[in-house]
Amino acid sequence: MNIKTLTPTILGVILSAIPAPAAQPPAPFGPAPSPRQLRWHEMQYYGFIHFTVNTFTDKEWGYGDESPEIFNPSDLDPRQWAEVAREAGMKALIITAKHHDGFCLWPSKYTEHSVKNSPWRGGKGDVIAELAAACKENGLRMGVYLSPWDRNHADYGTPKYIEYYRNQLRELLSNYGEICEVWFDGANGGDGYYGGAREKRRIDGLTYYDWPNTWKIVRQLQPMAVMFSDGGPDIRWVGNESGDGSATNWALLRRAEFAPGLADRKALAQGQADGTHWLPAEVDVSIRPGWFYHTDQNDRVKTVDQLLEIYYSSVGNGCNLLLNIPPDRRGRFHEIDCQRLLDLRKALDATFAEDLARGKTATASNTRGDDPQFGPAKLTDGDRGSYWAADDNVRTCELTINLGGNVPLNRVRLEEHIPLGQRIESFAIDARADGAWKEIATGTTIGPRRILRTPTVTADAIRLRITGSRACPTLATMEVYCAPE
Ligand code: FUL
């Protein structure tokens, strides 16, 4: 058949039957998260456990001369920790296997300064093993904190100690199943017991620990574990211990400028838009004033309102929340702390009970290649893995969801499709009431997650205006909720 002999009408019918070529996903922009970091982003909220000789001496930092005999919890119960954490909605527990005082919660074969010389369980106990079993039973992941600074060890400050530290890390990463996170604290206070020397020891934080070679051990033994410190290499400190995330939050950092204990606090909080590495922030904060349990702080456990503020400041700004609950001298979470955790869970469940945008009609001022696989319906399909994307040349865009009738709302939850990098740098949210649009929130970054708290408004549509983006924007989800007053 000769195409010239076809009438225009027949040609039109044939052409319309040929499917338009599928659009390609946007090219990744800047650094993107690794699979282990993506898995960490999903954890969102998990618990920190500070427990050691300090629990029995009522201190925050042990000097390193504590006798292992003082570690004697009357009713140690990691199963209780794990059950409460699970019911609270946490996804993991990270424990101080060794804090600055050097006492080990597991029977390390490289030191006598451990539970093996404690009366607890007749010297046969292993807190890490008990916690690992309890986490497994409760579907939680487990992480370990191994303080680089060791105020007990005679060799601290010499190369010999680095070998000791690495041996301990190998024990923790080999004998307790899967480890989700390794926590490298940056504190190096100076003075300590140091095997009886009782002196001040200074180390060069940049060179002494030879971090790159220690990180290799973690990669080799636990390839899916993320490593936390002031400068990563996987997760960064947020720069404060008060529970504050930053509303502007790039999951990126110029990593060469950072190391454990050496950090620019503002950059840690906000990240750096032009960062060379994907390095998202973790917010660590205690439910009590101290990291360790002190009876006289029982009336200063954070209230649900305080915890909610922390939740929105951390999780709501795209950070993960690591909330510390220190076991008491029995070795149990205190009743007050347990109640607060469960009350927080209740409040969050009530707020995020129903996504008012789910399944509703969404439209976009631009859709990548006009291809439904990147269409705005992906924002409301309940699948945070699928995403809307714009054409390559687009930097601003409007996304509108018709809520199908008037509904009260006061929370909007957004996520970029971070496997392709972080892009959006400014946005506004409008609600439509009686046919008129009104701005109810503005923001800078979205990244892994952004939860906006807005005044309660009644609206029949909601609109996200992306007003600035470093590359063509993507968005994985746009959810709308109404928190009870
Ligand atoms: C700090 C430590 O010095 C505190 O004792 C606590 O462990 C906190 C999480 O990190 O740097």
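**View 1. Residue classes in the shell around the ligand.** Sorted by class, the residues that form the shell around the ligand comprise six nonpolar, three polar and three charged residues. The model shown here and in the other views is a predicted one. Around the ligand stand the aromatic residues Phe-48, Trp-61, Tyr-145, Trp-183 and Trp-291, together with Ala-187, while the histidines His-50, His-99 and His-100 and the acidic residues Asp-185, Glu-241 and Asp-284 also belong to these surroundings.

**View 2. Polar side chains next to oxygen atoms of the ligand.** The side chain of His-50 places an N or O atom 2.7 Å from an oxygen atom of the ligand, and for His-99 the corresponding distance between a side-chain N or O atom and a ligand oxygen is 2.9 Å. Glu-241 contributes a polar side-chain atom that lies 3.4 Å from an oxygen atom of the ligand. Of the 290 Å² of accessible area that the ligand has on its own, 90% is covered by the protein.

**View 3. The setting of His-153 in a loop.** His-153 is located in the loop that runs between strand β3 (141–146) and helix α6 (159–174). Because its relative accessibility is 11%, and residues under 20% are classed as buried, His-153 counts as a buried residue. Its side chain reaches the backbone nitrogen of Asp-155 at a distance of 3.0 Å. When residues up to four places away in sequence are not counted, His-153 touches the tyrosines Tyr-161, Tyr-164 and Tyr-194, as well as Gly-195 and Arg-201.

Definitions and conventions
Residues numbered from 1 in each chain as written. Predicted model: local features only at pLDDT ≥ 70, side-chain atom pairs only at ≥ 80, totals over all residues. Heavy atoms only, no water. Near = heavy atom within 4 Å. Polar contact = N/O pair within 3.5 Å; in protein donor to acceptor, adjacent residues only side chain to side chain. Areas by Shrake-Rupley, 256 points an atom, 1.4 Å probe, with all protein chains shown as cover. Nonpolar A, V, L, I, M, F, W, Y, C, P; charged D, E, K, R; others polar. Helix = DSSP H or I, 4+ residues; strand = E, 2+ residues; numbered from the N terminus. Buried < 20%, exposed > 50% of the residue type's maximum accessible area, 1.4 Å probe, protein only. Contact = heavy atoms within 4.5 Å.
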